[in-house]
Amino acid sequence: MKEILDISLENEMDLVLAHRRSMQVGEQLGLTVATRTTFATAVSEISRTAIEYTDNGRLHIVITGKFPRYSLFARVVFDSDQLFRSTDEGFFYAKKLLPDFTFHASGNAYLIEMGLGLPRSLKLDEPKLTALKVYFEQASPLNAYEEIKKKNSHLHRLTGEQEEEIRIQRELDEKKTEFISVASHELKTPITVVKAYTQMLKLLKDQYSEKVAGVVDKLDMQTSKLTLLAQQLMDVSKMENGSLQYDLVEVNLNQFVEEAVMILSAVHEGNQINISLGEPCVVKADPLRLEQVLTNLLGNAAKYSAKNSTIDVATCLAEDRKSVVIKVNDQGLGMSAEGIAKIFDKFYRLDEVTSSHPGLGMGLYISSKIISDHGGKIWVESIPNQGSTFFFSIPVA
Ligand code: ADP
């Protein structure tokens, strides 16, 4: 079966289209004027009945059969609470015109089918039928009404496709979030156990050779990295389902930054970390989460810079004294304007670093959420190959 065209039957204007298009199908097939008029009149009769009682009808003109015997059919489908019978007056003439007439009803859904055999003399074959279908797909609109109708249906299809794409995307996103949540929880327990055993081994350091002690140190360092990754995964999944929580307390910002930087200096021994503190102030924040942001920014500054390079950390009150700005400056890889625009997106990593530096692109995404949840802002200024400065602000308590 090949559908040549279909027309929605909503109002009287569609009746005109149904008639004219049926005539054209007959003409394109090579039917005599009498036969195509008969076919188009029958189609109009049934379409009129559908339009009279509903606005949800649809006319399909199809060719059935196989080479060399084909038939031309019109199918009108519609739903209606009105009860119809095949003996109704509305079907009387159509039935007379096209004796190959069937009437199907199922609940309030109706299908009326009528057709005629196509003579072999028309010399139809599959390529010709395909060409006929294409002809109607490409045919110019018969009038302004059909033009609007076509545009409408095109828009409708596009909207439908877009909605479907959004639905699939959302479904994938939900699956991904669920996977992250399960994976991070499953990872957390074994990593905690390994970390505990490593700590025990470190305490027994005196009982091993220096070589073994070195291996234990490496084991400890890698386990810490794994712990961080599992923690980031858990944070992302908490962010997605809105369960990231904060324990807000008053924090003396300068003292807090000083202590955090001191600890981080020991971790990033290779880099020279300078600190410059502005006017003291107190902020309301979750210290653990704030430390997470600083750790991320300083860790990145060290990771994406040359060994031995300098990192500057500074605090300063904003001009309006309503917030305090913390900045972390490095002399590392820097990034392009495109990178700057996307850097806080989930899982985003610059192409330049994907194969050279380990990471999952979660740190800045989490940091930006933590800062915005504290009522602050986070941003970056950067020049490729010269370095980056990350800033974040927090309202003063
Ligand atoms: P990760 O470092 O694990 O990839 P982040 O979210 O912390 O995740 O950082 C995202 C990306 O931003 C990094 O992959 C890197 O491309 C870029 N980036 C972050 N900090 C810097 C920096 N200081 N200098 C240059 N690029 C950076």
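**View 1. Helix H8 gives the largest share of the shell around the ligand**. In this predicted model, three residues of that shell come from H8. H8 spans residues 287-303, and it is one of the elements that give two or more residues to the shell, together with helix H11 (363-373) and strand E12 (387-395). Sorted by class, the shell has ten nonpolar, seven polar and three charged residues.

**View 2. Here we look at the residues that come nearest to the ligand**. There are 20 residues around the ligand, and the nearest are Asn-300, Tyr-304, Asp-330, Arg-349 and Leu-364. Look for Asn-300 to start with: a polar atom of its side chain lies 2.8 Å from a ligand oxygen atom. Then find Tyr-304, where a polar side-chain atom lies 2.7 Å from an oxygen atom of the ligand.

**View 3. Gly-361 meets the ligand through its backbone**. A polar backbone atom of Gly-361 is 3.3 Å from an oxygen atom of the ligand. How much of the ligand's accessible area does the protein cover? On its own the ligand has 530 Å² of accessible area, and the protein covers 98% of it.

**View 4. Helices H5 and H6 pack against each other**. H5 takes in residues 144-203 and H6 residues 210-240; their axes are 8 Å apart and the packing angle is about 155°. Angles over 145 degrees count as roughly antiparallel, so H5 is roughly antiparallel to H6. The crossing of H5 past H6 is left-handed. Which classes of residue make up this contact? You will find twelve nonpolar, ten polar and six charged residues there.

Conventions
Residues numbered from 1 in each chain as written. Predicted model: local features only at pLDDT ≥ 70, side-chain atom pairs only at ≥ 80, totals over all residues. Heavy atoms only, no water. Axes fitted to C-alpha atoms, helices over the stretch in contact; angles between N-to-C directions. Helix = DSSP H or I, 4+ residues; strand = E, 2+ residues; numbered from the N terminus. Parallel < 35°, antiparallel > 145°, perpendicular 65-115°, else oblique. Left-handed = near helix turned anticlockwise from the far one by under 90°. Nonpolar A, V, L, I, M, F, W, Y, C, P; charged D, E, K, R; others polar. Near = heavy atom within 4 Å. Polar contact = N/O pair within 3.5 Å; in protein donor to acceptor, adjacent residues only side chain to side chain. Areas by Shrake-Rupley, 256 points an atom, 1.4 Å probe, with all protein chains shown as cover.
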